[in-house]
Amino acid sequence: MPPGSFEAFKIEEINAENACIMARGFEYFNGLKDVKKIKLVNCELIDDTALAKLSYLRGSLKELQLVFLPSVTDVGITYLYLLENLDDLYINYLPKVKDHKLGKKLLQEKLPNCKIEFLQEPDEIKT
């Protein structure tokens, strides 16, 4: 980072692939006002509680990708309803989500202005 005041810099995008992050670390999202995009791919420790804490970013988050998060369940998907400013949501292969069709339907009802792709096909994972 260049020298100077760190307040001049803003976090706009978070890309976590194969990362060992968990819900406790999501506490640091509290107070961030400029995060527009988050990509979480193959993060074994991301769980329902972590998805709930994405609500800290509800005012700014526009794009969210969730791919192969083996600890997320149907309950975690319901926390995404809180992200009312989302424009684009891509979800693929959450093995513990039992009914992805119902999850997609409910997300479309709760987030009518959001483009939603909800797949359960590991062969079609886009990164």
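Let me begin with a definition: a residue is called buried when its relative accessible area is under 20%, exposed when that value is over 50%, and partly exposed in between. By that rule cysteine 114, at 10% relative accessibility, counts as buried, whereas cysteine 20, at 74%, counts as exposed. Please keep in mind throughout that what we are looking at is a predicted model.

Staying with the cysteines for a moment, how many disulfides does the model contain? The count comes to zero, and the cut-off matters here, because a disulfide requires two cysteine sulfur atoms within 2.5 Å. For cysteine 20, the closest cysteine sulfur belongs to cysteine 43 and lies 8.2 Å away, which is too far for a bond. Cysteine 114 is likewise in no disulfide, since the nearest cysteine sulfur, again that of cysteine 43, is 20 Å away.

Let me turn now to the sheet. It is an open sheet of five strands, in the order 1-2-3-4-5, and the pairing is parallel. Strand 1, residues 13-17, and strand 5, residues 115-119, stand at the edges with a single partner strand each, and therefore one side of each has no neighbour in the sheet. From one strand to the next, the twist averages 0 degrees. If we look at one edge in detail, strand 1 pairs with strand 2, residues 37-41, in the parallel sense over five bridges, and within that pairing asparagine 15 stands opposite lysine 39 of strand 2. Towards the other edge, helix 4, residues 100-110, lies across strand 4, residues 88-92, and across strand 5, and this helix runs at about 170 degrees to strand 5.

The next topic is the aromatic residues, for which the count comes to two aromatic pairs. One of them joins phenylalanine 68 and tyrosine 93, and this pair is stacked, with 5.3 Å from centre to centre and 10 degrees between the planes. Which parts of the chain does this pair tie together? Phenylalanine 68 sits in the loop between strand 3, residues 63-67, and helix 3, residues 74-79, while tyrosine 93 sits in the loop between strand 4 and helix 4, so the pair links parts that are 25 residues apart in sequence. As for accessibility, phenylalanine 68 is partly exposed at 26%, and tyrosine 93 is partly exposed with a relative accessible area of 26%.

I would like to finish with two polar residues, beginning with aspartate 48, which is found in helix 2, residues 48-53. Is aspartate 48 buried or exposed? At 15% relative accessibility it counts as buried. Leaving aside residues up to four places away in sequence, aspartate 48 touches Ser71, Val72, Thr73, Val75, Gly76 and Tyr79. With valine 72, the separation is 24 residues in sequence but 5.2 Å in space, taken from C-alpha to C-alpha, and with threonine 73 there is a polar contact of 2.5 Å between the two side chains.

The second is serine 60, in the loop between helix 2 and strand 3, and it too is buried, with a relative accessible area of 8%. What does its side chain reach? The side chain of serine 60 comes to 2.6 Å from the backbone oxygen of valine 35, and, again not counting residues up to four places away in sequence, serine 60 touches Lys33, Asp34, Val35 and Lys36.

Note on methods. Residues are numbered from 1 along each chain as its sequence is written. This is a predicted model: local features need pLDDT of at least 70, side-chain atom pairs count only at pLDDT 80 or more; totals for chains, interfaces and linings use all residues. Side-chain values use heavy atoms; hydrogens and water are left out. Two strands pair if DSSP finds at least two bridges between them. Helices (H or I, at least four residues) and strands (E, at least two) are DSSP runs, numbered from the N terminus. Axes are lines fitted to C-alpha atoms, for helices over the stretch in contact, and angles run from 0 to 180 degrees between N-to-C directions. Contact means heavy atoms within 4.5 Å. Buried means under 20% relative accessible area, exposed over 50%, partly exposed in between (1.4 Å probe, protein chains only). Rings of Phe, Tyr and Trp (its six-membered ring) pair if their centres lie within 6.5 Å; planes under 30 degrees apart count as stacked, over 60 as edge-to-face and the rest as tilted. A polar contact is a pair of N or O atoms within 3.5 Å; within protein, one must be able to donate a hydrogen and the other to accept it, and residues adjacent in sequence count only if both atoms are side-chain atoms.
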